[in-house]
Amino acid sequence: MRTALVTNFCPHYRRPLFLEMSRRMDLTLILTSRGNEWYWEGDTPFDTGGVPTVLASGPVKTKRALRTGGYDAVITDLTGRATLLAAVRTARALDLPLVLWVGIWEHPQTLVHRFSRPLARRLYRSADAIVTYGTHVSNFVQTESGRTENAFVSPQAVENERFRPPVPQEEISALRSRINLSDRPTFTFVGRVTEEKGL
């Protein structure tokens, strides 16, 4: 099955997921980023690890990529206002199954997002399937739209072995000493320090 996955860019932590998907299906990533995402610092990642990729910033290029790609299905996330609409409309015009990939568990409260809420609810109801990051996201989609059928949970892809290498006790002790930590339990958080992260 030739599948297009429309998303803004390919951060390093999604690369293993996209590679695994490309092993299981004929996958093309359609990356729509213009490189100005407020939530991503540094270079906008377009290294997909070898997954076939089309760079299509903006709705016109996204529509063209979907129309000319000969796809059998479209997966799209919620990024990009006009680009998202172009992906959804094009999939519908081509009569392709549409899978909506949802990662939010609360609708944003900006003025634009308040007006877009009815459209988001319609998207949740009309997609052929929904894939969410976790049950909390599935519960949000259900609350917003009443949608429970063809809703699937696919937790964030994490290479656990990458974060669990054995560390010698002397290295741990040296680090604790260097940064003045006691022997009490210590926790690390990796992510944006923002309210929605739940710290």
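1. Gly191 is found in the segment after α6, the helix of residues 169-178. In this predicted model, Gly191 counts as partly exposed, because its relative accessibility is 46%, a value that falls between the limits of under 20% for buried and over 50% for exposed. Gly191 and Thr83 are 108 residues apart in sequence, and their C-alpha atoms lie 26 Å apart in space.

2. On confidence, the chain averages a pLDDT of 88, and 95% of the residues score at least 70. Among the elements of the chain, strand β4 has the highest mean pLDDT, at 97, while helix α4, residues 111-126, has the lowest, at 89. As a general caution for any reading of such a model, the predicted coordinates should not be read in detail where pLDDT is low.

3. The sheet is open and is formed by seven strands with parallel pairing, in the order β3-β2-β1-β4-β5-β6-β7. Its edge strands are β3 (53-55) and β7 (151-153), each of which pairs on one side only. With direction ignored, neighbouring strands of this sheet are turned by 20 degrees against each other on average.

4. Within the sheet, strand β5, which covers residues 98-102, and strand β6, which covers residues 129-132, pair in the parallel sense over four bridges. Val131 in β6 is the bridge partner of Trp101, a residue that returns below in the discussion of the rings.

5. Two helices can be described by how they sit against the strands. Helix α1 (residues 15-24) packs on the sheet and touches β1 (2-7), β2 (26-31), β4 (73-77) and β5, with its direction making about 140 degrees with that of β2. Helix α3 (residues 81-93), in turn, lies across β1, β4 and β5 and runs at about 160 degrees to β4.

6. Thr3 offers a view of strand β1, where it has its place. Thr3 counts as buried because its relative accessibility is 3%, and, once its neighbours within four places in sequence are left aside, Thr3 is in contact with Met25, Asp26, Leu27, Thr28, Tyr71, Ala73 and Ile75.

7. Turning to the aromatic residues, the structure holds three aromatic pairs. One of them joins Trp101 and Tyr133, whose ring centres are 6.0 Å apart and whose planes stand at 80 degrees, so the pair is edge-to-face. This pair links distant parts of the chain, since Trp101 belongs to strand β5 and Tyr133 to the loop between β6 and α5 (135-145), 32 residues apart. Both residues are buried: Trp101 at 9% relative accessibility, and Tyr133 at 16%.

8. Another pair is made by Tyr124 and Phe140, with ring centres 6.2 Å apart and planes at 80 degrees, so that this pair too is edge-to-face. Tyr124 in helix α4 and Phe140 in helix α5 are 16 residues apart, and their pair again links distant parts of the chain. Tyr124 counts as buried at 1% relative accessibility, and Phe140 is buried with a relative accessible area of 9%. A reader who examines this contact may wish to recall that helix α4 is the element with the lowest mean pLDDT, 89.

9. Finally, ring pairs link Phe18, Trp101 and Tyr133 into a cluster. Trp101 therefore appears both in this cluster and, through its bridge partner Val131, in the pairing with β6.

Conventions: Residues numbered from 1 in each chain as written. Predicted model: local features only at pLDDT ≥ 70, side-chain atom pairs only at ≥ 80, totals over all residues. Heavy atoms only, no water. Pairing = 2+ DSSP bridges. Axes fitted to C-alpha atoms, helices over the stretch in contact; angles between N-to-C directions. Contact = heavy atoms within 4.5 Å. Buried < 20%, exposed > 50% of the residue type's maximum accessible area, 1.4 Å probe, protein only. pLDDT = per-residue confidence, 0-100. Phe/Tyr/Trp six-rings, centres within 6.5 Å; stacked < 30°, edge-to-face > 60°.
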